[in-house]
Amino acid sequence: MTFDALVLGAGMVGVSVAVHLQRRGLSVALVDRKPPGNETSFGNAGLIQREGVYPYAFPRDIGTLLRYARNRSTDVRYHPSAMPAMAPFLARYWHNSAPARHAQIARHYSQLIAHCLTEHRDLIAASGAEALLREGGWVKVFRTVAAMDAARRDAEQWEQEYGVPHEVLGVERLRAEEPSLTHSLIGGLRYTASNSVRDPGGLVAAYARYFESLGGRVLTGDATTLKPQWTVQTSEGEVEGRRAVIALGPWSDTLSASLGYRLPLAVKRGYHMHYRAQDGAQLNQPVLDAEYGFLIAPMTRGIRLTTGVELGLRDTPPTPVQLAAVEPLARETFPLAERVDDAPWMGRRPCTSDMMPIIGPAPAHRDLWFAFGHAHHGFTLGPVTGRLVAEMITGETPLLDPRPFGVQRFLSSSSHSLTPQN
């Protein structure tokens, strides 16, 4: 079988790329080892984060670093055995998180985030997935005045610089809106322009069904078998494409490295578990505990509890100690009943050292494209990334300047390498 494009990876980013290419009249094969939406996109908090104009930076104050170094924090844990391998990445991440550099990154990053809601809503309407969408924002809650004041200053800065609205919830307002939450909370911030969904994996699957309705093909296959110019092995045999798009999330560096691209990609692992709410308890929107670093969200399967960050190697077996640490805290915050899942789910967020995704053409290969490295915002940025890649491939004027996201920003450094291949 021959297609105009092979899209490798059926998460939110890959499915969105496939949809936008198919919409533009190209014949597209979407290739993954699992059905759409069953890896990283399956287990996130379901947020479409319009407020996320500043990507998550590496902490630089000594107090926070010392707290994390003890490796007992509820929001960040690490595998000591992984630190030697991750040290170069973490050093560059720390370097890029300096305030001036972080602000410059935000100026580029915010251009993608600005389109996240409109692009998702376009695909939600086209795929008939309106029932999964929850409008009205999400809430960050606080236990201390100092933490709430710091978050409010950030929110005010984001609103002033990028027009991202928020509202402050005093303790009485918070209790009125979420009466099942503990009364030890002193208030919250709602990011009113953001949305959330009741089943992240279900939304990816809905987009994939829409892709198929346009004539696209979803194939089970091994993306690591990709060979120039361009073939990949699938359950239906070898398929060929005039173009190939790597959108494999945390596995993208394995394939790109086999083609000669050594890129600063690492993973932040995370876990989730679903619970039944105790009788009479109700959660109306996603709620992030800002000081303990966990989020609870109402999902179709139950109340989803998601953890913060676990720094470790991508393929190390799950170590859900973070989930065990925050579950008692979550039960104090909201009346959770029994677990629904048989075992904790683990996902891997694909991260670059400058906190921005890699989007655009591969410089040493004709008709090879990259779309990965979205870190915490792959679910948020999938549709706008898909549109941007499709516009570049088909020669349309892109809706924003793609150059800041190009892979060349890494390959120009002597600390990274590129071996050109024909």
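A cavity, in the sense used this morning, is a set of grid points where a 1.4 Å probe fits but cannot get out. By that rule, the structure holds one cavity of 30 Å³ or more. The model before you is a predicted one, and I shall begin with its empty spaces before turning to helix packing and to some backbone details.

The largest cavity has a volume of about 80 Å³. Its lining includes three tyrosines, Tyr56, Tyr93 and Tyr109, together with His374, His376 and His377. Pro55, Lys268, Cys351, Thr352, Met355 and Ala375 also belong to that lining. By class, seven of the lining residues are nonpolar, four are polar and one is charged. Please keep Tyr109 in mind, as that residue will return when we come to helix 4.

Let me move from the cavity to an open space, the second largest pocket. Its volume is about 380 Å³. A total of 20 residues line this pocket, and those nearest its centre are Ala85, Asp253, Leu263, Leu265 and Ala266. Which elements each supply at least two residues of the lining? They are helix 3, spanning 83-96, helix 9, spanning 252-258, strand 13 at 261-262, and strand 14 at 265-277. Helix 3 provides the largest share, with five residues. In chemical terms, the lining of the second largest pocket comprises 13 nonpolar, three polar and four charged residues.

I turn now to helix packing. Two packed helices are described by the angle between their axes and by the distance between those axes. Helix 11, residues 378-394, will serve as our point of reference.

Consider helix 4, residues 99-113, whose axis comes within 9 Å of that of helix 11, with a crossing angle of roughly 90°. Helix 4 and helix 11 are therefore roughly perpendicular to each other. On the helix 4 side, the contact involves Tyr109, Leu112 and Ile113; these residues meet Thr380, Leu381, Val384 and Leu388 of helix 11. This contact has six nonpolar residues, one polar residue and no charged residues. Tyr109, then, both lines the largest cavity and takes part in the contact with helix 11.

Helix 5, residues 116-127, also packs on helix 11: the two axes come within 8 Å and cross at roughly 80°. Helix 5 is therefore roughly perpendicular to helix 11. Here Cys116, Glu119, His120 and Leu123 of helix 5 meet Phe379, Thr380, Pro383, Val384 and Arg387 of helix 11. By class, this contact contains five nonpolar, two polar and two charged residues. Thr380 and Val384 of helix 11 take part in the contact with helix 4 and in the contact with helix 5.

Some details of the backbone deserve inspection. Pro228 and Gln229 are joined by a cis peptide bond, with omega of about -5°. Gln229 sits in the loop between strand 10, 217-227, and strand 11, 231-234. Asn71 has a positive phi, near 60°, although it is not a glycine; this residue is in the loop between helix 2, 62-69, and strand 4, 76-78. Asp367, likewise a residue other than glycine, has a positive phi near 65°, and its place is the loop between strand 21, 358-361, and strand 22, 368-372.

Finally, the annotation. An unreviewed UniProt entry lists residues 4-392 under "domain: FAD dependent oxidoreductase". Over that range the chain is 35% helix and 29% strand, and the C-alpha atoms at its ends are 14 Å apart.

Definitions and conventions
Residues are numbered from 1 along each chain as its sequence is written. This is a predicted model: local features need pLDDT of at least 70, side-chain atom pairs count only at pLDDT 80 or more; totals for chains, interfaces and linings use all residues. Side-chain values use heavy atoms; hydrogens and water are left out. Axes are lines fitted to C-alpha atoms, for helices over the stretch in contact, and angles run from 0 to 180 degrees between N-to-C directions. Helices (H or I, at least four residues) and strands (E, at least two) are DSSP runs, numbered from the N terminus. Angles under 35 degrees count as roughly parallel, over 145 as roughly antiparallel, 65 to 115 as roughly perpendicular and the rest as oblique. Contact means heavy atoms within 4.5 Å. Ala, Val, Leu, Ile, Met, Phe, Trp, Tyr, Cys and Pro count as nonpolar, Asp, Glu, Lys and Arg as charged, and the others, Gly among them, as polar. On a 1 Å grid over the protein atoms alone, a cavity is a set of points where a 1.4 Å probe fits but cannot get out, and a pocket is an open set with protein on both sides within 12 Å along at least five of seven lines; lining residues have an atom within 4 Å of a point. Grid points are joined across faces, edges and corners, and a volume is the space filled by probe spheres set on the points. UniProt positions are given in the numbering used here, feature names are shortened, and annotations may be inferred rather than shown by experiment.
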